[in-house]
There are 2 protein chains.
Amino acid sequence: MTSGTPTSSARAVTLEQPTLGAACEAIADALEREALVTVFGRCTVDYEGRASSTLEAGDRHVMLKPDGAALVHTDEGQQPVNWQPPGCTHDVFCDRAGDDIDANGAETLVLESGRPTPDERLCVRFQDVLQVSAFSGTDENELTLSGTEEDLRQRILEEPTLLEAGFRPLATERETAAGAVDIYGEDAAGRTVVVELKRRRVGPDAVGQLRRYVDALERDLHADADVRGILVAPSVTDRADRLLVDHGLEFVSLEPTSE
Amino acid sequence: MTSGTPTSSARAVTLEQPTLGAACEAIADALEREALVTVFGRCTVDYEGRASSTLEAGDRHVMLKPDGAALVHTDEGQQPVNWQPPGCTHDVFCDRAGDDIDANGAETLVLESGRPTPDERLCVRFQDVLQVSAFSGTDENELTLSGTEEDLRQRILEEPTLLEAGFRPLATERETAAGAVDIYGEDAAGRTVVVELKRRRVGPDAVGQLRRYVDALERDLHADADVRGILVAPSVTDRADRLLVDHGLEFVSLEPTSE
DNA sequence: CTGTCGATATCGTGG
DNA sequence: CCACGATGTCGACAG
């Protein structure tokens with residue numbers, strides 16, 4: 001073997017236009033080996049659980065992950081049309097659905113994925129399978145992400161004057177009766193300051209959240225306490241701005257990263 | 001041809017262990033034909049846009065949809081580790097990245113997907129491709145879903161007594177300064193009632209939302225107006241329940257469907 | 001485009 | 001398990 005591209009232990013096994021029986025066998029084997037399985041073909045999809053849904057026949061791409069997740073994708077949209085979260089149990093079998101009017105006695109390949117709590121189940125029934133694949137590989141590395149709310153918090157803690165001159169952070173995630181406050185501190189005059197951080201432009205919900213924290217702290221610290229509430233985000237919507245004014249809250253424009 | 005399974009116009013074309021050049025050609029051709037493309041292999045992933053992220057080499061499954069969506073899946077999780085929304089432009093090319101320390105002069109296959117507003121771009125760089133597939137098919141049917149907030153609304157409109165005896169709905173989506181109210185009506189005593197619907201157990205946010213509607217309506221209808229606010233959901237959390245009591249709001253337990 | 005809100009939201013963290 | 005809040009949330013719909 002010549003040196004060059006490092007050899008990966010990853011494998012991909014593919015069946016093209018398999019019979020339903022061959023597809024069933026291959027999928028069962030791949031699930032057993034904890035491979036990631038994909039199936040493309042014409043299918044119907046039914047879901048019953050937190051809600052319920054049905055989807056008539058169409059050509060779709062199904063992915064079964066070894067952690068129990070299931071995804072049904074059409075040729076459109078970022079989101080799967082149907083899915084099942086991780087932790088589910090996958091099952092595959094061939095079924096001669098004589099009773100099923102739609103199937104009309106023809107054999108079908110059935111993928112089922114379900115879990116007990118909450119009780120929910122996804123059933124994908126293939127009339128026709130064009131491809132089955134089984135993938136195995138390794139993925140040791142984690143995603144590193146920046147531009148998050150956590151980055152915004154670090155930015156303020158490292159340079160509190162970004163919020164305002166004289167601001168002193170005293171705690172993060174300080175608990176109140178209404179939940180944990182992002183940053184808790186004092187201003188130059190010694191008044192208590194509650195800071196709510198948002199990584200992007202915010203609407204009314206964020207103002208409501210800040211208001212609950214301020215109210216809770218004014219109670220915790222006794223009635224005469226004067227607590228300032230500051231919302232920190234790149235920008236606010238008009239409605240949110242009006243709510244801020246109505247409730248005597250403040251806004252500071254700041255982004256998660258300096259550029 | 002014997003009768004039996006109806007013939008589908010769907011097609012699936014697969015390359016196993018292609019050279020990077022062959023993979024590139026096949027992907028370019030498939031994108032041209034507006035097929036759904038999947039690529040499995042060892043790759044790094046970089047994203048720059050609303051935030052930014054990097055992901056070191058690992059074995060992953062990439063899907064490029066003809067509507068411009070891109071998805072990068074690992075063997076775990078329901079959500080893609082990286083993605084691009086519909087409306088993006090996909091591009092593929094082979095690159096001898098001599099400057100790139102990681103690539104170490106070896107040839108790589110690059111998938112890029114981006115859009116101008118917001119300006120963001122995803123770059124998947126394959127060291128090794130184990131499989132390339134191109135899928136085409138049709139999916140005319142839409143998902144039918146039940147157990148939604150809309151179902152809960154219908155349930156109450158058809159049988160207002162589920163909310164309380166004497167309740168009369170007057171409008172849905174009634175506009176207020178704080179946004180549109182789910183159901184607007186009157187109780188047996190002629191008092192204005194604002195109803196906020198949630199299809200599942202709710203926390204503090206929903207109470208805040210209801211409160212904003214009640215406040216807005218009390219202003220709209222002049223100061224002495226007595227407006228009742230009723231939250232309708234299967235159940236509420238403790239904290240939300242306390243907020244309801246604090247703000248003089250009410251709760252009715254109801255699910256989106258009767259069973 | 002922006003604003004607003006629902007979602008089978010998902011996901012992580014903490015109790 | 002439940003609760004709470006962040007998310008590159010995504011989507012749909014209205015203005």
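1. Domains of chain A. The domain assignment splits chain A into domain 1, residues 11-136, and domain 2, residues 149-253. Their centres, taken over C-alpha atoms, are 47 Å apart. Keep in mind that this is a predicted model.

2. DNA strand C, the surroundings. How many residues surround DNA strand C? There are 24. The closest are R50(A), R201(A), T237(A), R239(A) and R199(B). Look at which part of the strand comes up against the protein. Sugar and phosphate make up 85% of the strand C atoms that come within 4 Å of the protein.

3. DNA strand C, the surface by class and element. The surface near this strand has 9 charged, 8 nonpolar and 7 polar residues. Two elements each supply at least two residues of the surface near DNA strand C. They are strand 5 (82-84) of chain A and helix 3 (204-220) of chain B.

4. DNA strand C, single contacts. Start with R50(A). An N or O atom in the side chain of R50(A) is 2.4 Å from a base oxygen of DNA strand C. Next comes W83(A). An N or O atom in the side chain of W83(A) is 2.7 Å from a phosphate oxygen of DNA strand C. Chain B takes part through Q79(B). Here a backbone N or O atom lies 2.9 Å from a phosphate oxygen of the strand.

5. DNA strand D, the surroundings. Around DNA strand D there are 28 residues. Which of them come nearest? They are T117(A), R199(A), R200(A), W83(B) and R201(B). Of the strand D atoms within 4 Å of the protein, 80% belong to sugar or phosphate. The rest belong to bases.

6. DNA strand D, the surface by class and element. By class, the surface near DNA strand D has 10 charged, 9 polar and 9 nonpolar residues. Helix 3 (204-220) of chain A supplies at least two residues of this surface. Strand 5 (82-84) of chain B also supplies at least two.

7. DNA strand D, single contacts. Find R50(B) in the structure. An N or O atom in the side chain of R50(B) is 2.8 Å from a base nitrogen of DNA strand D. Then look at W83(B). A polar backbone atom of W83(B) is 2.5 Å from a base nitrogen of DNA strand D. On chain A, see E196(A). A polar side-chain atom of E196(A) lies 3.1 Å from a phosphate oxygen of DNA strand D.

8. The largest pocket. Rolling a probe the size of a water molecule over the atoms shows where empty space is left. The largest pocket has a volume of about 740 Å³. Its lining has 32 residues. Nearest its centre lie R211(A), H247(A), R211(B), D215(B) and H247(B). Helix 3 and helix 4 (238-246) of chain A each give two or more residues to this lining, and so do helix 3 and helix 4 (238-246) of chain B. The lining divides into 16 charged, 12 nonpolar and 4 polar residues.

9. The largest cavity. How many cavities of 30 Å³ or more does a search of the whole structure find? It finds 2. The largest has a volume of about 50 Å³. From chain A, the lining takes L71(A), H73(A), Q78(A), Q79(A) and P80(A). From chain B come H73(B), Q78(B), Q79(B) and P80(B). By class, the lining has 6 polar, 3 nonpolar and no charged residues. Q79(B) also appeared in point 4, where its backbone lies 2.9 Å from a phosphate oxygen of DNA strand C.

10. The second largest cavity. This cavity holds about 30 Å³ of space. The lining residues are V62(B), L64(B), A70(B), L111(B), E112(B), S113(B), L122(B) and V124(B). By class, 6 are nonpolar, 1 is polar and 1 is charged. Strand 3 (52-64), strand 7 (107-115) and strand 8 (120-136) of chain B each supply at least two residues of the lining. Which element gives the largest share? Strand 7 of chain B does, with 3 residues.

11. T108(A). T108(A) sits in strand 7 (residues 107-115) of chain A. Is T108(A) buried or exposed? T108(A) counts as buried because its relative accessibility is 4%, and the cut-off for buried is under 20%. The side chain of T108(A) also makes a polar contact of 3.3 Å with the side chain of R125(A).

Terms used
Residues are numbered from 1 along each chain as its sequence is written. Chains are lettered from A and ligands numbered from 1 in the order in which they are written. This is a predicted model: local features need pLDDT of at least 70, side-chain atom pairs count only at pLDDT 80 or more; totals for chains, interfaces and linings use all residues. Side-chain values use heavy atoms; hydrogens and water are left out. A residue is near a molecule or strand if one of its heavy atoms lies within 4 Å of it. A polar contact is a pair of N or O atoms within 3.5 Å; within protein, one must be able to donate a hydrogen and the other to accept it, and residues adjacent in sequence count only if both atoms are side-chain atoms. Helices (H or I, at least four residues) and strands (E, at least two) are DSSP runs, numbered from the N terminus. Ala, Val, Leu, Ile, Met, Phe, Trp, Tyr, Cys and Pro count as nonpolar, Asp, Glu, Lys and Arg as charged, and the others, Gly among them, as polar. Domain bounds come from an automatic or database domain assignment. On a 1 Å grid over the protein atoms alone, a cavity is a set of points where a 1.4 Å probe fits but cannot get out, and a pocket is an open set with protein on both sides within 12 Å along at least five of seven lines; lining residues have an atom within 4 Å of a point. Grid points are joined across faces, edges and corners, and a volume is the space filled by probe spheres set on the points. Buried means under 20% relative accessible area, exposed over 50%, partly exposed in between (1.4 Å probe, protein chains only).
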